[in-house]
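Trainee: I have a model open and would like to talk it through with you. Could we take it one question at a time?

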Amino acid sequence: SADAGLHTLLKADKDIVDAQLGSLYITLSAMLVVMSLLWRSFGLGTIALITGLVPVAILTLIGAISQIPLNSVTVMVGALALGIGIDDAVHLVTHWLNARQNGFAKNQALVLALEAKGPAILCTSLILISFSISLLWMSFPPVIHFGWLSAVAYTAALGSALWILPSLLGIKKKT
């Protein structure tokens, strides 16, 4: 019957959401371990993970305020946002760390990292944001939710990578 089919579909969707949320801690732990080993610094791994989680935190807040249903489509936005946020952080921190190892001061290394990686981070983020916005003209509500949530998430990831992360890597000048 149609009711049995719908019930099966909704149960499968709930199972997918539960599995995605259940794997979050394993994923975060693995990311922290890999980045800490890669950079030989638990502190840098933690900073990168925190800045990568900023878009997820913003999505959680917006989803709760807007009462967006938690389903396999909307939960996937969080996974994508985390991946993009971590990817941007890995590129920026790795370049910054290489410059530091080549003898540059923290702020000089930060300028070099932003000059080298900033345009690519900005360009890919703008492409992802534009694609996400294009989904707003679809007729299926989960796709519309995916579109505007992912646009917000990619914007938050961009801000986190090019504003929050650099502020944590550089040294503030005393005036």
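Mentor: Happy to, and let us begin with I133, which lies in helix α5, residues 106–134; helices (H or I, at least four residues) and strands (E, at least two) are DSSP runs, numbered from the N terminus. This is a predicted model, where local features need pLDDT of at least 70, side-chain atom pairs count only at pLDDT 80 or more, and totals for chains, interfaces and linings use all residues. Residues are numbered from 1 along each chain as its sequence is written, and side-chain values use heavy atoms, with hydrogens and water left out.

Trainee: Is I133 buried, partly exposed or exposed?

Mentor: Buried means under 20% relative accessible area and exposed over 50%, with partly exposed in between (1.4 Å probe, protein chains only). I133 has 36% relative accessibility, so the class is partly exposed.

Trainee: Which residues form a nonpolar patch with I133, and with how much accessible area together?

Mentor: Patches take residues with over 30% relative accessible area and no salt bridge, joining like charges within 9 Å and nonpolar side chains (Val, Leu, Ile, Met, Phe, Trp, Tyr) within 5 Å. A salt bridge is a side-chain nitrogen of Lys or Arg within 4 Å of a carboxyl oxygen of Asp or Glu, and areas come from the Shrake-Rupley method with a 1.4 Å probe, only the protein chains shown counting as cover for residues. On the surface, I133 is joined by L136 and W137, and the three have together about 340 Å².

Trainee: What is the status of S132, buried or exposed, and which residues does S132 touch?

Mentor: S132 also has its place in helix α5, and with a relative accessible area of 1% S132 is buried. Contact means heavy atoms within 4.5 Å. Not counting residues up to four places away in sequence, S132 touches G147, S150, A151 and Y154.

Trainee: What covers the buried residues of α5?

Mentor: The buried residues of α5 are A109, L110, A113, G118, I121, S125, I129 and S132. Their cover includes α4 (72–101) and α6 (141–169).

Trainee: Where does α5 bend, and how far apart are its end C-alpha atoms?

Mentor: The bend at a residue is the angle between axes fitted to the seven residues ending there and the seven starting there. In α5 the bend is about 45° at K117, and the proline P119 follows within four residues. The expected span is 1.5 Å times one less than the number of residues, so the 29 residues of α5 should span 42 Å, which agrees with end C-alpha atoms that are 39 Å apart.

Trainee: How far apart are the end C-alpha atoms of α4?

Mentor: α4 is followed by G103, whose phi is positive, near 100°. With 30 residues at 1.5 Å a residue, α4 should span 44 Å, and this agrees with an end-to-end C-alpha separation of 43 Å.

Trainee: Which residues is F42 in contact with, beyond its neighbours within four places in sequence?

Mentor: F42 lies in helix α3, residues 42–66, and counts as exposed because its relative accessibility is 57%. The C-alpha atoms of F42 and L32 are 7.7 Å apart, with their positions ten residues apart in sequence. Leaving those neighbours aside, the contacts of F42 are L32 and S36.

Trainee: How many helices does the protein have in total?

Mentor: From the N terminus on, the elements run α-α-α-α-α-α. There are zero strands, and the helices come to six.
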